[in-house]
Each structure stands twice: as structure tokens, then as C-alpha cells.
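Here are my notes on the model, set out as numbered points for you to check against the coordinates. I begin with the ligand site and then turn to individual residues and strands.

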Amino acid sequence: MTDRPFYFGTNFKMHQTPTESRQFVSDLHERLGSPDSVQLFVIPPYTSLVWAVEEAVDTGIWVGAQNMHFAERGAFTGEISAAMLQAAGVDMVMLGHAERRQLFGETDAALHKKVQAALRAGLRILLCVGENAEEKAFGIEAETVARQLKIALHNFRSDDLPRLIVAYEPVWSIGEGGTPAGVADVEYTARHIRATLVTLFGTAGQTVPLLYGGSVNLDNCVDYARLDLIDGLFVGRAAWQVAGYVEVFQAGFAAKTEATS
Ligand code: PGA
């Protein structure tokens, strides 16, 4: 952790109607205000984006999209372009979430094109990387995240680094069937992610915020947040209700503040 803010956010996945998403942003702001040294975000489904964006105006809360297509336009039924997201006013697009990679066959090469398209549209990118259970069993966590980063960020210019955030999310730790990762495992792979960013961008690679996600909850958030290598938490289930979001955020932020003071 440097002088970066503490990042904290949730991905709603396929949950929340537009009304519920809007209410979530409103309640969240009422509960937390706009705390210093913190960057909060929510990533609702497409149908909620415009409403959530409207509600988030002047709150400091970023609203992100869960995915996008790499083409600017075309005959791609059911898809959304970067320009559409930009016009909807989103602050960020998440790319490469494990569920996109696993369930929808998203490849590293496709992600490379998505990253480039997001940059062209002026979007901030939350790039998710992480090994699956098989890759972990073979001990190739470091190689896996390096490959994912090197392909997705191929031709990424250092000038654009302020628009990049990386989330480490081991696939085996995500969702209902996921197992929370041990702190040593998180540290090990986070260190390799940072090293890969430095390989790609030199010292500028140190400036990219690195978040951790995967079964983060009130019990384990403190241990992850304390890690020097981790700049914030990216939470699913435990933050889908405002009360849970607030509790995990407060515990994580307190731990980070204590660890860095
Ligand atoms: P989870 O989801 O916290 O429910 O495991 C994390 C994620 O998918 O980002």
C-alpha cells in the first residue's frame, strides 16, 4: 500500500433490479457518506446502470459495468459496447471476472481486445485475474496470473495506468462453493501480480491498485486488508445487502488503517 485510497466494492452479478440498485447506492451513501482516503464502488447489472449512475452523482461512489463487447458496434445481439457504457455514465468496466472466463468462455485474447476498446472509450478498467483449482493444484498460480496480465495488458501504455485497477480473485475461492484463500496464498500470488506489473511497466507498475476478492466476509476481511500488497477488497455475497457492505468495509478499512499507521 502506498498513498493510494482503500478500494472497496461489490459485484452484484445477476442480482438486483434497477430500483433495488438505485436504493442500494442511496442507502450506501446515507450510511457511509464520502469517507476520505477511500474509493467505494458498486457493479450492478446492465439494466441498473443508468439509475445507479444517476443516484451516485456527487457521492464519490463509482458505478461499474460487469462486462462489455470489444467491438465498437455491429451485429452482436445481446452485447453492449464500451461507447454505450461511456454514454451511460459509468466510471468503470470490470473485465475478465472468473465467471465470465469460466462460464462464458472468455479468453485472454478476447480480454486483450476488450481492454483496448475500454481505453479507446475512456473507461477505467477493473481487470480480474486468478488461477483455477487445477492450476493451483499444479502450482502454477504465478504463471497463470502472469499470462493473464501479459495478454490482457499487451500494448497497454504506461500513460494509461491511472485507469487500471487489478483484482486478484482465485477462481476456487469465488462464490457459493468457494473456499476462502489462506493469507499466505493471497500474499504469494499478489506478489507475483505486482512483479508482473513491474515487468510490464517498470516502476510505474507499482502504482496500479491491487484488490483482493473471493469469499471475502466479515471474518476474513481483516486479514486480507492488513496485507501490505493489497489495496482494497472486492466482495460478492457478503456485500449484496447494504448492511453487509458497510460492516465488511468498516472492518477492512479499520484493519488497513491500523496496519499502515
Ligand atoms: P464472492 O464473490 O465474494 O461471493 O465469493 C466474489 C466475486 O465473484 O468477485
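1. In this predicted model, the ligand is surrounded by Lys13, His97, Glu169, Ser173, Ile174, Gly175, Gly214, Ser215, Val216, Val235, Gly236 and Arg237. By residue class, this shell divides into 3 nonpolar, 6 polar and 3 charged members.

2. Several polar atoms of the protein lie beside oxygen atoms of the ligand, and they come from both backbone and side chain. A backbone N or O atom of Gly175 is 2.8 Å from a ligand oxygen, and a polar backbone atom of Ser215 is likewise placed 2.8 Å from an oxygen atom of the ligand. On the side-chain part, a polar atom of Arg237 lies 2.6 Å from a ligand oxygen. Taken on its own, the ligand has 280 Å² of accessible area, of which the protein covers 99%.

3. Lys13, one of the residues around the ligand, sits in the loop between strand S1 (6-11) and helix H1 (18-32). The relative accessible area of Lys13 is 16%, and because the cut-off for buried is under 20%, Lys13 counts as buried. Its backbone also deserves a look, since Lys13 has a positive phi of about 55° without being a glycine. Most residues other than glycine have a negative phi.

4. A positive phi is also found at Asp58, again not a glycine, with a value of about 70°. Asp58 belongs to the loop between helix H2 (49-56) and strand S3. Is Asp58 buried or exposed? With a relative accessibility of 76%, Asp58 counts as exposed, because the threshold for that class is over 50%.

5. Strand S3 (residues 62-65) runs parallel to strand S4, and the two are joined by 2 bridges. Ala65 has Val93 as its bridge partner in S4. Strand S4 (residues 92-95) is covered on both faces, with Met92 and Met94 buried on one side and Val93 and Leu95 buried on the other.

6. Asp185 is part of helix H8 (residues 183-201), and at 32% relative accessibility Asp185 is classed as partly exposed. Once neighbours within four places in sequence are set aside, the contacts of Asp185 are with Lys136 and Trp172. The contact with Lys136 includes a polar one between the two side chains, at 3.2 Å. Between Asp185 and Val216, which are 31 residues apart along the chain, the C-alpha separation is 14 Å; Val216 is itself among the residues around the ligand.

Key:
Residues numbered from 1 in each chain as written. Predicted model: local features only at pLDDT ≥ 70, side-chain atom pairs only at ≥ 80, totals over all residues. Heavy atoms only, no water. Near = heavy atom within 4 Å. Polar contact = N/O pair within 3.5 Å; in protein donor to acceptor, adjacent residues only side chain to side chain. Areas by Shrake-Rupley, 256 points an atom, 1.4 Å probe, with all protein chains shown as cover. Nonpolar A, V, L, I, M, F, W, Y, C, P; charged D, E, K, R; others polar. Helix = DSSP H or I, 4+ residues; strand = E, 2+ residues; numbered from the N terminus. Buried < 20%, exposed > 50% of the residue type's maximum accessible area, 1.4 Å probe, protein only. Contact = heavy atoms within 4.5 Å. Pairing = 2+ DSSP bridges.
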